[in-house]
Amino acid sequence: MAAAGQNLRIDGDRLWDSLMEMAKIGPGVAGGNNRQTLTDADAEGRALFQSWCEAAGCTMGVDKLGTMFATRPGTEDLPAVYVGSHLDTQPTGGKYDGVLGVLGGLELVRTLNDLNIKTKHPIVVTNWTNEEGTRFAPAMLASGVFAGMHDQDWAEDKTDAEGKRFGDELDRIGWRGEEEVGARRDDIRAFFELHIEQGPILEAEEKQIGVVTHGQGLWWLEVTLTGKDAHTGSTPMHMRVNAGLGMARITELAHQIAMDHQPNAVGAVGQANVYPNSRNVIPGKAVFTIDFRSPDQGKLDAMKARLEAEAPKIAADLGLGIEIESAGHFDPVTFDADCVAAVRDAAERLGYSHMDIVSGAGHDACWINRIAPTAMIMCPCVDGLSHNEAEEITKDWARAATDVLLHAVVETAEVAS
């Protein structure tokens, strides 16, 4: 496949303006965004994206889980090159997590239009529904169903903290499409996802581009401890059945398990609730989620097994009941060698500093990699901060990474003569 010339670059100012315009929808309280999936803000962001895609000459398809597919036609009847990420955010999210990958895909289409460059393969810019998984767990829900990893009915029955059902909320905001979920599986020549790193490595190493070779696997283990509510002042210490104490000890256990599996393993409790959550009541119940991750399958499974073996002993010592359930899981990912090479070659050709990197977070690309050749491109983010309203990148970082995306996609989609 012929490579695009070095002078093929995106319009960095136009990309940045699009990012800032999207950030006006679902503003956070501290400069970021709260555009959670299947909210009114999500619906508004989707409508803006659709209007931009149609203005760029794309046709929009939407599947029955709300995932959006904006297609720029190719000159031949061939499988499409897909790009994209997600527009939904955390409750206190930043302006770039996911959004850069979607709007970077739109920008490469606009650039090809500007230069009247046609490709043999169609190019499809994708906005996957519910990547974040904050409102409806697990994360990467729609892409997981698309890839055949989850059942659609199971996904639609997921509920949020208020008991609202995923399928009902999708209908409420008016973004349930007609396409069967996964109908496009055989149409994918390759998938490229551009994303901010969400970690400090690229900035610390002063590299403009992260060539993502692998993705960490993940286990989310939801632990429920059951004790006895009691007055904190009048219940003797030796007569307490304290679910909060059990949660604290298992939190320490999770940390120790991750430390014992170094390097390339992490673990923490990120979500935790005690009940009745009153300052003068000993917690009679605790529900919390342990997040274990590693690019090494053996380490990932060993951490889960040790937690499941040792946490019940802690509970028993304290007289607590315990249940441990999986709240999310995916195996480590090795991205497609040819797609990774296309990314690396593009960075080289454009003269951008780069390094190979492992994604520490889960992404839609991790599911799509199961069914089609896939790779990821990362740009730095300031101090590695993400899932935070203070998340920040520079215009130059965004431009460079989208340039690499453009070149990798054009090489894969093949310029029409």
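**Reading a binding spot and a sheet with its helices**

Author: Let's start with one pair of side chains: E132 and Q90 are joined by a polar contact of 2.8 Å. Keep in mind that this is a predicted model.

Reader: Okay, where does E132 sit relative to the secondary structure?

Author: You'll find E132 in the loop that links β4 (123-127) to α4 (141-146).

Reader: And is E132 buried or exposed?

Author: The cut-off for calling a residue buried is under 20% relative accessible area. E132 comes out at 8%, so it counts as buried.

Reader: Which residues does E132 touch, leaving out those up to four places away in sequence?

Author: With those left out, E132 touches H86, D88, T89, Q90, D97, A139 and H387. Hang on to D97 and H387, as they come back in the annotation.

Reader: Which residues does UniProt list under "binding site"?

Author: The UniProt record, an unreviewed entry, puts that feature at D97, E132 and H387. They span 291 residues in sequence, but no two of their C-alpha atoms are more than 9.7 Å apart, so they gather at one spot.

Reader: Where is H387 located?

Author: H387 is in a loop too, the one between β15 (374-379) and α12 (395-413). Its relative accessible area is 38%, so H387 is partly exposed. Setting aside residues up to four places away in sequence, H387 touches Q90, T92, D97, E132 and Q198. One of these, D97, makes a side-chain to side-chain polar contact with H387, at 3.2 Å.

Reader: Let's move on to sheets. How do the strands of a sheet pair?

Author: Strands of a sheet pair through backbone hydrogen bonds, in either a parallel or an antiparallel way. Here, take the open sheet of four strands: the order is β9-β11-β7-β12, with antiparallel pairing. β9 and β12 stand at the edges with a single partner strand each, so one side of each has no neighbour in the sheet. On average, neighbouring strands of this sheet are turned by 15° against each other, direction ignored.

Reader: How many bridges pair β7 and β12?

Author: Nine bridges, in the antiparallel sense. If you want to pick out one residue pair, look at L218, whose bridge partner in β12 is F330.

Reader: Which strands does α8 touch as it packs on the sheet?

Author: α8 touches β7, β9, β11 and β12, and its direction makes about 5° with that of β11. α9 lies across β7, β9, β11 and β12 as well, but runs at about 155° to β11.

Reader: How do I read the length of α9?

Author: Compare its span with the expected one. Helix α9 (residues 297-317) has 21 residues and reaches 31 Å from first C-alpha to last, close to the 30 Å expected at 1.5 Å a residue.

Reader: What happens at the two ends of α9?

Author: D296 caps the N-terminal end, with a side-chain oxygen 2.8 Å from the backbone nitrogen of G298. Just after the helix, G319 adopts a positive phi of about 75°.

Reader: Which residues of α9 are buried?

Author: They are K299, L300, M303, K304, L307, A311, I314 and A315. Their cover includes β7 (217-226), α8 (243-260), β9 (266-275), β11 (285-294) and β12 (321-330).

Reader: Which domain does UniProt list for residues 216-315?

Author: The record, an unreviewed entry, gives "Peptidase M20 dimerisation" for them. In the model, that span is 37% helix and 34% strand, and its end C-alpha atoms lie 30 Å apart.

Notes:
Residues numbered from 1 in each chain as written. Predicted model: local features only at pLDDT ≥ 70, side-chain atom pairs only at ≥ 80, totals over all residues. Heavy atoms only, no water. UniProt positions renumbered as here; feature names shortened; annotations may be inferred. Buried < 20%, exposed > 50% of the residue type's maximum accessible area, 1.4 Å probe, protein only. Contact = heavy atoms within 4.5 Å. Polar contact = N/O pair within 3.5 Å; in protein donor to acceptor, adjacent residues only side chain to side chain. Expected span 1.5 Å × (residues − 1). Pairing = 2+ DSSP bridges. Axes fitted to C-alpha atoms, helices over the stretch in contact; angles between N-to-C directions.
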